[in-house]
Structures are given as structure tokens and as C-alpha cells.
Amino acid sequence: MRAKSYDDPLEIKNSAHDKAFANVDMCNNDISRIKQEILDNSNPFITQEQLQGVLDRAYKEQNIWNYVAKLIETDYRMYE
């Protein structure tokens, strides 16, 4: 089976779109899980303060991927 070529600009845009929004969803899931771990105090391996740092980083990651997704959506509108 031959590998898929990504020379087509539309194919690249579609892949970038899918990747960005998948990462936004993954960040949302991570944030929900970490918040629940903080509430339940259910992670015996790291402190609450460390968990809060992980949560802060997850929010930052979410903001980054939301920004990337917004740029991709804006790019799509430019070529419609």
C-alpha cells in the first residue's frame, strides 16, 4: 500500500484542521480529568500544588490549540 501524499494544499489544511481540533478536545478532556483529581485528591503520586501546576499548563495548552484552530478557521474563510 502506498503512503498518502500531502502535496495537495487542501489535504494539508484538512489534516491541520483535524489535528488542531483533536488537540482542543484532548485538552478539554485533560482539564476535566485533572480538575476531578484535584477535587477527589485521588492522585497519590503528586501534591495538590503540583496538580494545580499541571492544570495551569493544560489551560495554557488549550489556549494555544484554540489559537491555532482559530487561525486555521480564518485561513479557510480567506479561500472560500
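Q62 is buried in this predicted model. Its relative accessible area is 15%, which is under the 20% limit and therefore counts as buried. The residue is found in helix 2, which covers residues 48–78. A polar contact joins the side chain of Q62 to that of N28, at 2.4 Å. Neighbours within four places in sequence aside, Q62 is in contact with C27, N28 and I31. Two of these partners, C27 and I31, are listed among the buried residues of helix 1.

The protein chain has two helices and zero strands. Helix 1 spans residues 9–40. Its length fits expectation: at 1.5 Å a residue, its 32 residues should span 46 Å, and the C-alpha atoms at its ends are 46 Å apart. The buried residues of this helix are A20, N23, V24, C27, I31, I34 and E37. N41 follows helix 1 and has a positive phi, near 50 degrees.

Nonpolar side chains were examined next. The largest nonpolar core has six residues: A20, V24, C27, W65, A69 and I72. Helix 1 and helix 2 each supply at least two residues of this core. Another core lies apart from it. This other core has five residues, among them I31, I34, L51 and L55. In the largest core, A20 can be followed in more detail. Leaving aside neighbours within four places in sequence, A20 is in contact with W65, V68, A69 and I72. Of these partners, W65, A69 and I72 are also members of the largest core.

C27 and I31 tie this picture back to Q62. Both are in contact with Q62. C27 belongs to the largest core, whereas I31 belongs to the other core.

Charged side chains come next. Side chains of opposite charge can pair when their charged atoms come close. A search of the whole structure finds four salt bridges. One of them joins the side chains of D75 and K13, with an N to O distance of 3.2 Å. This pair links distant parts of the chain, with D75 in helix 2 and K13 in helix 1, 62 residues apart. D75 is partly exposed, at 25% relative accessibility. K13 is also partly exposed, with a relative accessible area of 22%.

Other salt bridges form within a single helix. An α-helix has 3.6 residues a turn, so residues three or four places apart point the same way. D30 forms a salt bridge with R33, and the closest N and O atoms are 3.6 Å apart. Because D30 and R33 are three residues apart in helix 1, about one helical turn separates them. D30 is partly exposed at 28% relative accessibility. R33 is partly exposed too, with a relative accessible area of 42%. The pair is part of a network of salt bridges that links D30, R33 and E37. E37 is among the buried residues of helix 1.

In helix 2, the side chains of R57 and E61 meet in a salt bridge, 3.1 Å from N to O. R57 and E61 are four residues apart in this helix, so about one helical turn lies between them. R57 counts as partly exposed, at 43% relative accessibility. E61 is partly exposed as well, with a relative accessible area of 27%.

L71 lies in helix 2. This residue is partly exposed, at 45% relative accessibility. L71 and H17 are 54 residues apart in sequence, yet their C-alpha atoms are 9.6 Å apart in space.

Values for the whole chain complete the description. Contacts with a separation of 6 or more were sorted by distance along the sequence, and residues 24 or more positions apart account for 61% of them. Buried residues make up 19% of the 80 residues in the protein chain. The accessible surface of the chain comes to about 6,300 Å². Carbon and sulfur atoms hold 56% of that surface.

Note on methods
Residues numbered from 1 in each chain as written. Predicted model: local features only at pLDDT ≥ 70, side-chain atom pairs only at ≥ 80, totals over all residues. Heavy atoms only, no water. Buried < 20%, exposed > 50% of the residue type's maximum accessible area, 1.4 Å probe, protein only. Polar contact = N/O pair within 3.5 Å; in protein donor to acceptor, adjacent residues only side chain to side chain. Contact = heavy atoms within 4.5 Å. Core = buried A, V, L, I, M, F, W, Y, C linked by side-chain atoms within 4.5 Å. Expected span 1.5 Å × (residues − 1). Areas by Shrake-Rupley, 256 points an atom, 1.4 Å probe, with all protein chains shown as cover.
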